[in-house]
Amino acid sequence: MSTTSDTMVRFRDVTKVFGTGPSAVAAVDGVTLDIEAGEIFGVIGYSGAGKSTLVRLINALEPVTSGSVVVDGDEVSALSERELRPVRASIGMIFQQFNLLSSRTVAGNVAYALKVAGWDKPRREARVAELLEFVGLSDKAKAYPSQLSGGQKQRVGIARALATSPKLLLADEATSALDPETTRDVLALLRRVNAELGVTIVVITHEMDVVRSTCHRVAVMEHGKVVEVGEVYDVFSSPRATATKKFVGTALRDRPGPEALERLRRRHPGRLVTVGVHEDGTSGASLTRLLREHGLDGSVVFGGISEIGERPFGSLTLELAGDDATIAAFLTELAATTDVVDLGTAADPRDDPRVVAGASDESGEADDVTGAPPSGRADEPDPRDAWQSERWPGTGSTGISGLGRPGTQGTQPGDFGNEPGTFGGER
Ligand SMILES: Nc1ncnc2c1ncn2[C@@H]1O[C@H](COP(=O)(O)OP(=O)(O)OP(=O)(O)O)[C@@H](O)[C@H]1O
Ligand SMILES: [Mg+2]
């Protein structure tokens, strides 16, 4: 019998090996992890990291090689097929390719899940109507899957997965086949499923945007191992694992890569530094103030501030003008509240960019936001050209992406990018 607990899914030293001998692959390798009831938990990792295998262990579609998996009190890794049936019925699943029955209507697809579960027709019909209403597809009840857009198909997939009121929903790359706008709609629906129905959701994805707009906590997987886990803001604002750093770098594109840095140096011969902007550290306003206090000129030549779960996060790369001693004093003070990377100058580049060591990471200096920073400072060279020419590969934008938590509007492109030097992305 299942017992209630605050932990919905508990992995203890779980390993899943495919194959034997030299060709054996540890798809999941010694994972210990708790997914709490009521949360939206993200599992992110590159292709082959073991994400899908990990979720398939939750509903025991794959048996574990060793270790234990407990779902809401039931040790699924120790149950027989027969004993697994009721447990599986309490777990919904949605897929990248929707997996709808093409010969059945929208209503028929949702009803089918109930038929399998033994519901009689009148109950089925009432439940289907209720579910289609919830996912906003009441008018498509009689349509066939081939007549639906990808987003509508995934809504049917969600309605079907919710049919028997599962307590847990597994979403494996559920938005990977959808365009960005449709992805946002489907993610908003998943957030409603979590908030209004109290369903715990495990979101498997290789897209950081999905995690930061939707998940409360996240685990980062690499080579079958969970290399990092925690609150989404904490994990992405201070990434420790290489894989996490890569996700943050490719999603935010707020720090110049080697090629962009080369272009920056050609355009801006002065001292370049990259400064992290965090909720608890340096803000655009405190950066402006510090520049002023040290009598330095600094112009923004690269960067972006966006949000992770409504909290500001990103970095700015500045070209500083001033003598070396003044710059050194400025950087030391700045490094007490945020991460600072010294990129050197065009004439004396730091090819291995040096992290400026802070006096203390715990200095706790508050962001003294002294009103809006002066905009369009006359003493700053206008870096507008840099903003316009530094296009981030693959995004076609200037790297400031709109983000936000459920139902909120994030920072818009232009909040920052159109007003270089004003730190307009600051809250
Ligand atoms: N049934 C299987 N038989 C053999 N090897 C498998 C099987 N399923 C997965 N693997 C291997 O296990 C590893 C993890 O695969 P998995 O599908 O879990 O990765 P993933 O993180 O979901 O990747 P993707 O992002 O591409 O979906 C891979 O090396 C894969 O080849
Ligand atoms: Mg997968």
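Hi everyone. Let's start with strand β1, residues 7-18, because one of its residues, D13, is a nice way in. The backbone of D13 has a phi near 45°, a positive value, and D13 is not a glycine. Is D13 buried or exposed? It has 12 C-beta neighbours inside 10 Å, so D13 counts as exposed. Please keep in mind throughout that this is a predicted model.

There is a second residue to set beside D13. H223 also isn't a glycine, and its phi is positive too, about 50°. You will find H223 in the loop between β9 and β10. Its surroundings hold 15 C-beta neighbours inside 10 Å, and therefore H223 counts as partly exposed. And if you scroll on to the end of α9, the residue that follows that helix is R253, again with a positive phi, near 45°.

Now a quick step back to the whole chain. It has 427 residues, and 44% of them are buried. On the secondary structure side, there are 13 helices and 15 strands. For those of you who like contact maps: among contacts with a separation of 6 or more, 68% are between residues 24 or more positions apart.

Next, a sheet. Which strands form it, and in what order? The order is β6-β7-β8-β3-β9-β10, so to speak from one side to the other: 6 strands in an open sheet with mixed pairing. At the edges sit β6, residues 91-95, and β10, residues 225-231, each of which pairs on one side only. Neighbouring strands here are turned by 15° against each other on average, ignoring direction. As a reminder, strands of a sheet pair through backbone hydrogen bonds, and the pairing can be parallel or antiparallel. Within this sheet, β3 (residues 40-45) and β9 (residues 217-222) run parallel, joined by 5 bridges. If you want one to click on, F41 has R217 in β9 as its bridge partner. There is also a helix packed on this sheet: α5, residues 150-162, touches β6 and β7 (168-172). The direction of α5 makes about 165° with that of β6.

Let me move to strand β11, residues 271-278. Why can we call β11 largely enclosed by the rest of the structure? Because 8 of its 8 residues are buried. The side chains split by direction: R271, V273, V275 and V277 point one way, while L272, T274, G276 and H278 point the other way, and all are buried. As for partners, β11 pairs with β13 (residues 311-321) in the antiparallel sense over 8 bridges. One of the pairs to look at is L272 with its bridge partner E319 in β13. β11 also pairs with β14, residues 340-344, again antiparallel, this time over 4 bridges. There, V275 has V340 as its bridge partner.

Two helices are worth a look as well. The first topic is α9, residues 242-252, whose buried residues are T244, F247, V248, A251 and L252. These residues cover an arc of only 100° around the axis, which puts them on the same side of α9. The other helix is α12, residues 324-334, and the residue to pick there is F330. F330 has 22 C-beta neighbours inside 10 Å, so F330 counts as buried. Which residues does F330 contact, leaving aside its neighbours within four places in sequence? They are L290, H294 and L296. F330 and E293 are 37 residues apart along the chain, and their C-alpha atoms are separated by 8.8 Å.

Finally, the ligand. How many residues surround ligand 1? The shell has 13 residues, and the closest are F18, A27, S47, S52 and T53. By class, that shell has 4 nonpolar, 8 polar and 1 charged residues. Both β2 (25-36) and α1 (51-58) supply at least two residues each, and the largest share, 3 residues, comes from α1.

That's my tour. Thanks for listening, and I'm happy to pull up any of these residues on the screen.

Key
Residues are numbered from 1 along each chain as its sequence is written. Chains are lettered from A and ligands numbered from 1 in the order in which they are written. This is a predicted model: local features need pLDDT of at least 70, side-chain atom pairs count only at pLDDT 80 or more; totals for chains, interfaces and linings use all residues. A residue is near a molecule or strand if its C-beta atom, placed from the backbone, lies within 6 Å of it. Ala, Val, Leu, Ile, Met, Phe, Trp, Tyr, Cys and Pro count as nonpolar, Asp, Glu, Lys and Arg as charged, and the others, Gly among them, as polar. A residue is buried if 20 or more other C-beta atoms lie within 10 Å of its own, exposed if 12 or fewer, and partly exposed in between; C-beta atoms are placed from the backbone. The arc is that of the directions from the helix axis to the C-beta atoms. Two strands pair if DSSP finds at least two bridges between them. Axes are lines fitted to C-alpha atoms, for helices over the stretch in contact, and angles run from 0 to 180 degrees between N-to-C directions. Two residues are in contact if their C-beta atoms, placed from the backbone, lie within 7 Å.
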